[in-house]
Amino acid sequence: MDDTQRRVDAIRKDRSELENHIIDEYAAGKITRREFVRRGTVVGMSIPLVSFLAAACGGGGGGETTGGGTTPTATGQVTAGGNVRVALIQPTTEPNPLLVQDEGGAGLLGSTGEFLSFSNEKLELEPRIAESWEPNDDGTVWTFKIRQGVQFHSGGTLVANDVKETFDKLINPDGGSANAQSALGGVLSPGGIEAPDDSTVVFNLDAANGNFPTLVSSANYNAIIIPADLDPADWGKTFEGTGPFKLESFTPKVGAKFVRNDAYWGTKANPDSMELKFYDEEGPMILALQGDEVDFVEHFSVSGGKALLNDPNVNVIAVKAATHRELHMRTDKEPFTDKRVRQAIALSIDRQALVDGLWEGQADIGNDSPFAPLYPSTDTSVPQREQNVDQAKQLLADAGMTSFTVELNTWNGFEIPDLAQLVKQYAAAIGVTINLKITDAGTYYGDGVFGKSTWLDSVMGITDYGHRPVPNVYLTAPLSGDPKVGVWNSAHFKNDQYDSLVKQYVAALDIDSQKGVAKQIEELLLDETPIVFPYFYYFLSAAKKNLLNTTSAATGQFDLSKAGFTS
Amino acid sequence: MARFLLTRLGLAAITLFLLSVIVFFGSQVLPGNVARRKLGPFADQSAVDQLNHQLGTDKPLYEQYWNWVSGLFHGDLGTSLSYNLPVNQLIGPALVHSLKLAAFAFVMVVPLAILGGVAAALKRDKLTDRVITIGGLSLTVVPEFVTGIILILVFGLWLDLFPVSANAPDGSNILTQLKYLFLPALTLVIVLFGYIARITRAGTIESLDADYTRTAMLKGLPRRTVIRRHVLRNSLLPTIAVIATQTGYLIGGLVVIETLFNYPGMGRLIFTAAQKKDFPLLETGVLIVGIVFLVATLLADLAYSLLNPRIRYATAE
């Protein structure tokens, strides 16, 4: 036995069953090196440790098929200091970690706040407030080691109790964070968090969960760690956090300025300051970048920002993502009670044309399940649904529905009205008349509860969903038959077999088990087709050519602490 | 004159009362529950009910209206539901921004449009008239976002003469602020010029054709004196009324221009308040725009009465 193997054995003795399972999978060549790194970081192995094991254990054959940015950020030597100006979409709520439910608000939270870990563009978890984390053998208890010596901007020292209190507030059913609970509902219940000492937090889960560290990372953008005694409603007064930048000024509706936090625990921020400017629409953001009034656009769409895609003065950063649209059809209402009718609508759609026309190719084709191609657990052997007008017509004939009229509801944001128009045209080709009803977002979403929301009550609708590093939320909230879980179930889909499969998927701790269940879920959803998932589009950011070392994640998080200018 | 003023003020007060009723009850038509929208779909119904109770949005409408109006009389404009800040902290800066842009646009467009209108009338049916009326009308019918985007592309990006955003950095001097405001103000000039010039032209032609003008000419007064003393004084009456009615639009209706130039004015503030069902901000914002509009029309009435004494005499009788 050589020295390397002895070191590997020594390491494996101290690792959990789950971690050893992932090492075995890699050594056996079942997962790629990239996937090994991603899974390893999720279950709590540090990046240096994973890198050592990846080199020592070999394996990892096969192609690099998952995660990763399609166009990585430009990196290089930069000068110290400077002020980085960022165009950010206008936050829709006050800056309150419990209330933020949008990308602009998430950008504000992440400007000064830090998470237990940062979910990067490769879907890896980079340790931040948590130094490490590990599960028990069955994944029902996760223990996080909290970094010591971390100072809040106001001077207090962060301890494990701050983490516990932060998450207790987020999951409080009586006034917690709706968005955080979309990820943690049914996973972590009040009373499930302990802080036995200043450096340890223990999460006792409702059920086994192999992706839990992701659910409490920056992917859950409400989960910035704040002092235990801070009322989240007062957070907007100070933007209290531990991050590399601290607040200098904040003007609602206008923007915010942050300066370097010299007491930061890690590598100090390179820029002297970072300035956020809020924009109501992406058009002015793009003009501002071209007019040299900002250096970085946090997010833009292909439809609104075509001018940037070929601009030689701009670096476009494309990160593969699971951001998508869902075309729901109510399974409990005519004309969609017969699954053949739903299948016919799905078959009428030319997905490649949508990806090319609406996204200039900056998207992956969907296969009518939440399993986006970038997820490692997605079983890509499930046949892709293609456009087939003849088959669609035959299905309608078999269902006795050769022609009917239905109303499609949606709202007037992004490319959604164009998508609705195209769906209408595709449906017309199989004899279905769709009347579009496109309103503003407020009217479409209403109160967001059944009976008071066009989104949740309409027979047919198109809804936008943001990126999640794991598909758990997409599998539960919009598709679960359990009324407590399926709170976004606009298709009113109820299928006991599906619910049972999702439970198995969530509990599965290794990629093989997840993939096995994923295949069954994908096939079941293709057959039932409560929702059409036409595409999953990439997350695009843009930086001036002279701004390097920016980091974007598809969740809308960005890290500019290493950014700087070349001249 | 005092009676004239009192009458106008009385009418303004009645208008404001009606406006407050329309704004308040009109806002209630907006769909959605205030607390549910704030807390999100996962919040328990008990938490939603509790927040509605805390905000007072579960009370009968007449009681909510009374609380709002009595608050206004005590200087309490309420707290924004979406920003959790006193409404005056949001409306104050936005109103200042809007007034700055409106004033700059007025300073540019009013003399230009009046000169254009008078010149067109004096050169009636000639090339100058055609250029001003048809050119002005053509520019007016172009949507403001199209005009704005063209100005941004030409003067902001290609020629790099003006900033593409309108909000100058904090602490900027007046010249820098004007430089930032130039493109949105120019957009407004283009939008308003044709309309105001056309009204001025019509008023001038009417005055030129009037008996008193002919009499003045026949008296042997120089043409310049006739135009200054007799024509302009009368021809500007409808123009003043038109300018006053544009005030409300310039203060509270510039949603598109403010969005395009990323300018934090009243239009965007009120629009987003309506989108978010932020009643205190929406209602007070609209009321403030209404007050500005009423003040502008009152000033227009005063100017009108000074230029045309028959109006104040008619009111006084």
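**Figure 1. The loop around V29(B) in the predicted model.** V29(B) is placed in the loop that connects α1 (2–27) to α2 of chain B. In this predicted model, V29(B) counts as exposed because 6 C-beta neighbours fall inside 10 Å, and the cut-off for an exposed residue is 12 or fewer. Although V29(B) and K277(B) are 248 residues apart along the chain, their C-alpha atoms are separated by 9.9 Å. For the reading of this and the other views of chain B, the mean pLDDT of the chain is 87, with 95% of its residues at 70 or more. Where pLDDT is low, predicted coordinates should not be read in detail.

**Figure 2. The side of chain B that touches chain A.** In the contact region, 34 residues of chain B meet 35 residues of chain A. On the chain B side, at least two residues each are supplied by α2 (34–39), α3 (45–55), α7 (144–158), α11 (255–260) and α12 (266–275). The largest share, four residues, is that of α2(B). Sorted by class, this side of chain B consists of 16 nonpolar, twelve polar and six charged residues. The predictor assigns the complex an ipTM of 0.77 and a pTM of 0.80.

**Figure 3. Two helices of chain B, α4 and α5.** Helix α5 of chain B covers residues 87–122, and at 1.5 Å a residue its 36 residues should span 52 Å, which agrees with the 50 Å between its end C-alpha atoms. Within α5(B) there is nevertheless a kink of about 25 degrees, and this kink is centred on F106(B). The 13 residues of helix α4 of chain B (residues 61–73) should span 18 Å at 1.5 Å a residue, and the distance of 19 Å between its end C-alpha atoms agrees with that expectation. After α4(B) comes G75(B), a residue with a positive phi near 80 degrees.

**Figure 4. Strand β2 of chain A and its parallel partners.** Strand β2 of chain A (residues 83–89) is mostly covered, since six of its seven residues are buried. β2(A) runs parallel to strand β11 of chain A (residues 273–279), to which it is joined by seven bridges. The pairing with strand β12 of chain A (residues 296–300) is also in the parallel sense, and here β2(A) contributes to two bridges. V86(A) can be followed into both pairings: its bridge partner in β11(A) is L276(A), while in β12(A) V86(A) stands opposite F296(A).

**Figure 5. Strand β13 of chain A and its antiparallel partners.** Of the 16 residues of β13(A), 15 are buried, so that the strand is mostly covered. Eight bridges connect β13(A) with strand β19 of chain A (residues 535–544) in the antiparallel sense, and in this pairing V314(A) stands opposite K544(A). Strand β17 of chain A (residues 460–465) likewise runs antiparallel to β13(A), with six bridges joining the two, and β18(A) pairs with β13(A) in the antiparallel sense over two bridges. L327(A) takes part in both of these latter pairings, standing opposite I462(A) in β17(A) and opposite V532(A) in β18(A).

**Figure 6. A cis peptide bond in chain A.** The peptide bond that joins E334(A) and P335(A) is cis, with omega of about 10 degrees. P335(A) belongs to the loop between β13 (314–329) and α12 (339–348) of chain A, and the strand that precedes this loop, β13(A), has 15 of its 16 residues buried.

**Figure 7. Positive phi values in two loops of chain A.** E360(A), a residue other than glycine, has a positive phi near 50 degrees and is found in the loop between α13 (351–359) and β14 (363–365) of chain A. T529(A), again a residue other than glycine, has a positive phi near 45 degrees and is found in the loop between α20 (511–528) and β18 (531–532) of chain A. As to burial, E360(A) is exposed because 12 other C-beta atoms lie within 10 Å, and that count sits at the limit of 12 or fewer. T529(A), by contrast, counts as buried because it has 26 C-beta neighbours inside 10 Å, where 20 or more are required.

Notes:
Residues are numbered from 1 along each chain as its sequence is written. Chains are lettered from A and ligands numbered from 1 in the order in which they are written. This is a predicted model: local features need pLDDT of at least 70, side-chain atom pairs count only at pLDDT 80 or more; totals for chains, interfaces and linings use all residues. The expected span of a helix is 1.5 Å times one less than its number of residues. The bend at a residue is the angle between axes fitted to the seven residues ending there and the seven starting there. Two residues are in contact if their C-beta atoms, placed from the backbone, lie within 7 Å. Ala, Val, Leu, Ile, Met, Phe, Trp, Tyr, Cys and Pro count as nonpolar, Asp, Glu, Lys and Arg as charged, and the others, Gly among them, as polar. pLDDT is the predictor's confidence in each residue, from 0 to 100. Two strands pair if DSSP finds at least two bridges between them.
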